[in-house]
Amino acid sequence: MGSRFPSHQLSNGLYVSGRPEQPKEKTPTMSSVAMPYTGGDIKRSGELGKMFDIPMDGSKSRKSGPISNAPSRTGSFAGAASHSGPIMQNAAARSAYITSGNVSTGGMSASASMKKTNSGPLNKHGEPVKKSSGPQSGGVTRQNSGPIPPVLPTTGLITSGPLNSSGAPRKVSGQLDSTGSMKSHSSFVAHNPAVTTLSLDDEYSFRRNFPKPILWSVILIFVMGFIAGGFILGAVRNAILLIVVVILFGAVAALFTWNSCFGRKAIVGFISRYPDAELRTAKNGQFVKVSGVVTCGNVPLESSFQKVPRCVYTSTSLYEYRGWDSKAANPKHRRFTWGLRAAERHVVDFYISDFQSGLRALVKTGYGARVTPYVDDSVVIDVNPANKDMSPEFLRWLGERKLSSDDRIMQLKEGYIKEGSTVSVMGVVQRNDNVLMIVPPPEPLTTGCQWAKCIFPASLEGIVLRCEDTSKIDVIPV
């Protein structure tokens, strides 16, 4: 058709004037096509089945990959790689990863051009970011983006603590046994400021409670009386003064011996007779005695030998009997007596529920507070050279504290206040922001003279704890 106006033929056969329009460069588009539900049959997957070389409806299979020898077109672009996850199959392998290469489209119309599936964001080079997906039930795959979580241990449990480079929990070298747990507990008690370690000075002793000036004055008076009685006996042959001094000395010595033997029992009786106060009506700063059930605080204790858990007070003492040629347990150990060789006593803060009012108060006995305990100990084990090898637990306990187990007569006593025990507490009431506490008093409590029992007065410093032998009493579950 000769004409000076240029014309061209369209794809439908029509001739139109003008030059053919130059194809424009298309920008890559991101789209996500949902996977069809196959019900486990790969033949029903449509276009997805062609990726696995499975013939469907008599059509030839087509492999996925780079298409070569295709006519190029101006402005053609490179397709992004599509990374699909594993597909569940019935008879074939359970997972496969298919990666599509770069695809170049030829000079075809938009309706006949090949469709591309791009899933996920593109990086700065225009390539899709690789994603991993795991097998899902029902034959449907799901792509999961984001960082890969750390590898869990084979048990599947999420454990606490540091992780190694592979994401698994870091293993601790060595074995965990009873010795390791004991050492960790001992170090925890020794280095924890919330635990108060009690010394021997906190235990009742008549010699420590009796005033030293009065004691030395009595000794001086008797020395002078003996000197005067001896002088009169030698000068005038009269022994009356010396006899009086001897009788008085015997009476005073018997009184001192009585207080040394029964002084602790008298103080326990004084604590038992002291009237209980009601916390509901107690004023701030009032000295009270409260009896109730014990509940552990933030730091429970464990007894040293019997491993009794959830205690607020523990005491373990090792005594040795010294014969004529036996070794002394301590520098002040006399012959034919029991001497203390080792002792461990600890106490922490705890709660007490008052029997009368039902209120709950915090007893501040931890963090180095002054405490005077009157807790009955029970004999756990008696050891002599004949049966020392019959208790491996006792030998282990001695070895952990580096104590010798040679031919000695030993006795181990242990006492504790565990959760649910009934105790009596004496201290000062303190109210702070609606928190009821019992704190140590600023001055010691004096028991006074018990003339009927011939007991001298004694001083009770700090918070007083009184509890009977808990091994013989059933505790109240809390």
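Helices and strands here are DSSP runs, numbered from the N terminus. With that in hand, I looked up Arg401 and found it in the loop between helix 6 (392-400) and strand 11 (409-418). A note to self before going on: this is a predicted model.

**Entry: Arg401 and its partners**

I asked what the side chain of Arg401 touches. It makes a polar contact of 2.6 Å with the side chain of Glu344. The side chain of Arg401 also reaches the backbone oxygen of Trp397, at 3.2 Å.

**Entry: salt bridges**

How many salt bridges does a search of the whole structure find? The search returns 11. A friendly reminder for the margin: side chains of opposite charge can pair when their charged atoms come close. I wrote up three of the pairs.

The pair I opened with was Arg310 and Glu419, whose closest N and O atoms are 2.8 Å apart. Arg310 sits in the loop between strand 4 and strand 5, and Glu419 in the loop between strand 11 and strand 12 (422-432), so this bridge ties together parts that are 109 residues apart in sequence. I checked how covered each partner is. Arg310 is partly exposed, at 40% relative accessible area, while Glu419 counts as buried at 18%, because the cut-off for buried is under 20%.

Next I turned to Arg408 and Glu320, which form a salt bridge with closest N and O atoms 2.9 Å apart. Arg408 belongs to the loop between helix 6 and strand 11 and Glu320 to strand 5, so the pair links parts 88 residues apart in sequence. Are these two partners buried or exposed? Arg408 is buried, with a relative accessible area of 15%, and Glu320 is buried too, at 1%.

Then came Asp349 and Lys364, a salt bridge with closest N and O atoms 3.2 Å apart. Asp349 lies in the loop between strand 6 (337-347) and strand 7 (350-354), and Lys364 in the loop between strand 8 (360-363) and strand 9 (371-375), so the bridge ties together parts 15 residues apart in sequence. Asp349 counts as buried at 13% relative accessibility, whereas Lys364 is partly exposed at 26%.

Which residues are joined into one network by salt bridges that share partners? I noted Glu344, Arg396, Glu400 and Arg401. That brought me back to Arg401, whose side chain has the 2.6 Å polar contact with Glu344.

**Entry: Thr316**

I looked up Thr316 and found it in strand 5 (residues 311-322). At 1% relative accessibility, Thr316 counts as buried. Its side chain is joined to that of Glu414 by a polar contact of 2.9 Å.

**Entry: charge on the surface**

I went looking for gathered charge and found a surface patch of positive charge made by Arg207, Arg208, Lys212, Lys332 and Arg334. I followed up on one of them, Lys212, which lies in helix 4 (residues 212-236). Lys212 is partly exposed, with a relative accessible area of 41%. That clears the bar for the patch, because its members need over 30% relative accessible area.

**Entry: Asp276 and Val425**

I closed with Asp276, placed in the loop between helix 5 (240-273) and strand 4 (287-296). Asp276 is partly exposed, at 35% relative accessible area. How many residues apart in sequence are Asp276 and Val425? I counted 149, and their C-alpha atoms are 9.5 Å apart in space.

Note on methods
Residues numbered from 1 in each chain as written. Predicted model: local features only at pLDDT ≥ 70, side-chain atom pairs only at ≥ 80, totals over all residues. Heavy atoms only, no water. Helix = DSSP H or I, 4+ residues; strand = E, 2+ residues; numbered from the N terminus. Polar contact = N/O pair within 3.5 Å; in protein donor to acceptor, adjacent residues only side chain to side chain. Patch = residues over 30% accessible without salt bridge, like charges linked within 9 Å, V, L, I, M, F, W, Y side chains within 5 Å. Areas by Shrake-Rupley, 256 points an atom, 1.4 Å probe, with all protein chains shown as cover. Salt bridge = Lys/Arg side-chain N within 4 Å of Asp/Glu carboxyl O. Lys, Arg positive; Asp, Glu negative; His and termini not counted. Charge placed at Lys NZ, Arg CZ, Asp CG, Glu CD. Buried < 20%, exposed > 50% of the residue type's maximum accessible area, 1.4 Å probe, protein only.
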